[in-house]
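Here are my notes on this one, point by point. Have the structure open while you read.

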Amino acid sequence: MASLRFLLCFFLFCGSSLNLICTSHGLPANNHAALFAFGDSLFDPGNNNYFNTTVRANFYPYGETFFKYPTGRFSDGRLIPDFIAEYANLPLIPPYLQPGNHQYTYGVNFASAGAGALTETAQGLVIDLKTQLSYFKKVEKMLRQKLGDADAKAFFSKAVYLINIGAADYISYLTTNSSITQLSKEKYVGMVIGNVTNTIKEIYRKGGRKFGFLNLGELGCVPGLKVHVPGNTGACFEQATELAKLHNAALSKALQELETKLVEFKYAKHDINISFTERSNNPEKYGFKEADIACCGSGPYRGIDGCGGKRGVTDYELCSDPTEYLYFDSSHPSDKANKQISELMWSGAPNLTGPYNLKALFEA
C-alpha cells in the first residue's frame with residue numbers, strides 16, 4: 001500500500017519551451033483561438049519542474065522520442081494539449097511556471113502532475129485545481145489591462161479551455177486516511193465534480209465559453225493499479241474503476257446542466273473510457289503490440305513506479321520501441337496513444353466526442 005500511496009503523488013505530469021508552429025490539420029493562423037489547459041499529468045507540460053516537488057518526470061527516458069530530451073511530460077513524447085495546439089495551428093502551449101516573458105497570446109497551460117480537484121489531494125506536492133484557477137485569473141487580469149475590455153472579452157470568449165482532473169482524487173480516496181476520505185463514494189465524487197463545476201463557472205464569469213473535457217478511463221486497469229491486485233492475474237483494481245464510473249456519470253450530468261444554464265456555453269467531452277478500453281481490448285487494430293504492460297517500469301506489467309530509476313526503485317526495464325505500447329510508464333499513455341486520443345477529441349464523431357468536437361469549437 002505504501003507504493004500505491006506513492007503512485008498518488010506520481011500519477012498525474014511537466015514542460016518544453018519549444019515554440020513550434022505546426023499546420024498539419026490546417027486551421028488558419030490568423031485570428032486564432034487561444035488554448036488554456038488545466039489539470040493533471042495527462043496535460044502538464046512541465047509546471048512541476050519549477051517548484052519543490054518529487055512528482056516529476058524531468059529525467060531520462062521521459063521525452064526520448066519526440067523531444068529527444070526530458071521535458072517533464074509523463075510520456076516518451078507529447079501530451080494531448082500538444083497535439084490539440086498543433087491541430088489548431090498554435091505553437092506548443094508553455095507551462096505557466098516556466099520562466100520567461102510570457103505574452104499569453106496563444107494561451108498557457110496550468111496543469112500539474114498529481115493534481116486533484118480537491119485541495120487535500122497530494123497537498124504540498126502539486127498545484128491543485130483551485131490554485132490553477134487563481135493563476136488563470138492573474139493572466140486574465142493582465143491581458144484585460146493590456147488589451148482593454150472589448151478586445152479581452154473577444155479573446156477569452158474565442159479561446160478554448162481544456163480540463164482534465166479527478167484521477168488523483170480517487171487514488172487518494174483509496175490510499176489515504178483522512179476525514180474527507182471517510183465520506184461515501186457518492187459524496188466524495190460529488191465534491192470532486194462540485195469543484196470542477198465551480199472552476200468552469202469562474203472561467204465562464206471571466207469570459208470563457210468553449211470547453212473541452214476528458215472523462216476518466218477504466219482507472220483500475222492501468223498497469224500502476226493492476227500491479228496492486230493480489231496474484232498478478234491480470235485483474236483490474238475494481239474499486240478505482242467503480243469510482244471512475246461514478247465520476248463519469250456525474251460529470252456528464254453536470255455538463256448537461258451547465259449547458260442549459262449558461263448562455264453560449266459549449267463543450268466537447270471525449271469518452272476516453274470507450275476509446276482507451278477499445279485499444280486495451282484490441283491493441284493490434286490500432287497499431288499496438290502491447291496494451292497490458294508498460295514500456296517503462298518495474299515488476300509485473302512494469303506497473304511499479306521505477307521508470308527512470310529515480311523514485312526509490314533504481315532497477316527498471318525499458319522497451320526498445322514505445323510506439324508498440326499503449327502505456328509508456330505505469331500510468332501514462334505513450335506519445336502514439338496520446339495522438340490517437342487527441343485526434344478523436346479534435347474531429348471525433350458524437351458517440352465519442354460531443355456534443356461538439358474540438359475542431360468545431362476552435363472554428364466557432
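1. How many Å apart are the sulfur atoms of Cys296 and Cys307? They sit 2.0 Å apart, and the two residues form a disulfide. Bear in mind throughout that this is a predicted model. The torsion about the S-S bond of Cys296 and Cys307 comes out at about 100°, so this disulfide is right-handed. Cys296 belongs to strand β6, while Cys307 is in the loop between β6 and β7, so the bond ties together parts that are 11 residues apart in sequence. Both ends are buried: Cys296 has a relative accessible area of 1%, and Cys307 has 2%.

2. Right next door in the sequence is Cys295, which a disulfide joins to Cys319, with 2.0 Å from S to S. This link is left-handed, with -85° about the S-S bond. Cys295 lies in the loop between α9 (272-281) and β6 (296-297), and Cys319 in the loop between β7 (317-318) and α10 (335-347), so the pair ties together parts that are 24 residues apart in sequence. Cys295 is buried at a relative accessible area of 0%. Cys319 also counts as buried, at 9% relative accessibility.

3. The other bond to look at joins Cys221 to Cys236, again with 2.0 Å from S to S. Here the torsion about the S-S bond is about 110°, so the disulfide of Cys221 and Cys236 is right-handed. Cys221 is placed in the loop between β4 (210-214) and α7 (223-226), and Cys236 in the loop between α7 and α8 (238-261), so the parts tied together are 15 residues apart in sequence. Is Cys221 buried or exposed? With 19% relative accessibility, Cys221 counts as buried, given that the cut-off is under 20%.

4. On connectivity, the count comes to three disulfides. Number the bonded cysteines of the protein in sequence order and the pairing reads 1-2, 3-6, 4-5. In residue terms, 3-6 is the Cys295 to Cys319 bond, and 4-5 is the one between Cys296 and Cys307.

5. Now for strand β1 (residues 35-39). Why call it largely enclosed by the rest of the structure? Five of its five residues are buried, so the description follows. Both faces of β1 are covered. Leu35, Ala37 and Gly39 are buried on one side, and Phe36 and Phe38 are buried on the other.

6. Which strands does β1 pair with? One is β2 (residues 107-109), which pairs with β1 in the parallel sense over three bridges. Another is β3 (residues 160-164), joined to β1 by five bridges and also running parallel. For landmarks, find Phe36 opposite Val108 in β2, then Phe38 opposite Ile163 in β3.

7. The route from β1 to β2 deserves a look too. Together with helix α2 (residues 80-87), the two strands make a right-handed β-α-β unit.

8. A last small item is Glu242, whose place is in helix α8. Glu242 is partly exposed, with a relative accessible area of 37%. From C-alpha to C-alpha, Glu242 and Lys185 are 9.2 Å apart in space, with their positions 57 residues apart in sequence counted as separation.

Technical notes: Residues are numbered from 1 along each chain as its sequence is written. This is a predicted model: local features need pLDDT of at least 70, side-chain atom pairs count only at pLDDT 80 or more; totals for chains, interfaces and linings use all residues. Side-chain values use heavy atoms; hydrogens and water are left out. A disulfide is a pair of cysteine sulfur atoms within 2.5 Å. Helices (H or I, at least four residues) and strands (E, at least two) are DSSP runs, numbered from the N terminus. Buried means under 20% relative accessible area, exposed over 50%, partly exposed in between (1.4 Å probe, protein chains only). Two strands pair if DSSP finds at least two bridges between them. A crossover is right-handed if, with the strands pointing away from the viewer, the path from the first strand over the helix to the second runs clockwise.
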